[in-house]
Amino acid sequence: MVIYELTKHAQSRLDERNDISLEWVERTLLNPQRVESDERDPKLIHALASIPEYDNRVLRVVYNPTENPWKIVTVHFDRRMKGKL
């Protein structure tokens, strides 16, 4: 299990969108299918993974691994990535 903390923004995204489970967030952090650097903030990492239980949509988890615990900044399904992982 990954030790992480949600920012207020990330928590509000999860609260607004009942279709993203914490299990999927953790799975994406532990086993991303793709990892990208953030274009604006070099401390942030984008972890992406296809979620089979949700029509293989791609979950994007943006987090800061330099903090302890890791700080999750935001989470969302990335429509542009569907079918690309």
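In this predicted model, the bridge partner of Leu59 in strand 5 is Phe77. Leu59 lies within strand 4, which spans residues 57–64 and pairs with strand 5, residues 70–77, in the antiparallel sense over six bridges. A second position along this pairing is Arg60, which stands opposite His76 in strand 5. The connection from strand 4 to strand 5 is a hairpin of five residues.

**The sheet**

Five strands form an open sheet with the order 1-5-4-3-2, and the pairing is mixed. Its edges are strand 1 (4–6) and strand 2 (34–37), each of which pairs on one side only. From one strand to the next, the twist averages 35°. Strand 5 also pairs with strand 1, here in the parallel sense and over three bridges. Within that pairing, Leu6 has Ile72 of strand 5 as its bridge partner.

The two pairings that involve strand 5 are set out below.

| Strand pair | Sense | Bridges |
|---|---|---|
| Strand 4 and strand 5 | antiparallel | six bridges |
| Strand 1 and strand 5 | parallel | three bridges |

**Helices against the sheet**

Helix 1 (residues 8–16) lies across strand 1 and strand 5, and runs at about 35° to strand 5. Helix 2 (residues 22–30) also packs on the sheet, where it touches strand 1, strand 3 (45–51), strand 4 and strand 5. The direction of helix 2 makes about 70° with that of strand 4.

**Aromatic pairs**

The structure holds four aromatic pairs. One of them is formed by Trp24 and Tyr54; the rings are tilted, with 5.8 Å centre to centre and 50° between the planes. The tilted label applies because the angle falls neither under 30 degrees, which would count as stacked, nor over 60, which would count as edge-to-face. This pair links distant parts of the chain, as Trp24 belongs to helix 2 and Tyr54 to the loop between strand 3 and strand 4, 30 residues apart.

**The largest pocket**

The largest pocket holds about 300 Å³ of space. Its lining consists of 13 residues, and those nearest its centre are Asp38, Glu39, His46, Arg60 and Arg80. Arg60 is thus named both here and opposite His76 in the sheet. Strand 2, strand 4 and strand 5 are the elements that give two or more residues to the lining. By class, the lining comprises seven charged, four polar and two nonpolar residues.

How values were computed
Residues numbered from 1 in each chain as written. Predicted model: local features only at pLDDT ≥ 70, side-chain atom pairs only at ≥ 80, totals over all residues. Heavy atoms only, no water. Pairing = 2+ DSSP bridges. Helix = DSSP H or I, 4+ residues; strand = E, 2+ residues; numbered from the N terminus. Axes fitted to C-alpha atoms, helices over the stretch in contact; angles between N-to-C directions. Contact = heavy atoms within 4.5 Å. 1 Å grid on protein atoms, 1.4 Å probe; cavity = no way out; pocket = protein on both sides within 12 Å on 5 of 7 lines; lining within 4 Å. Points joined across faces, edges and corners; volume = space filled by probe spheres on them. Nonpolar A, V, L, I, M, F, W, Y, C, P; charged D, E, K, R; others polar. Phe/Tyr/Trp six-rings, centres within 6.5 Å; stacked < 30°, edge-to-face > 60°.
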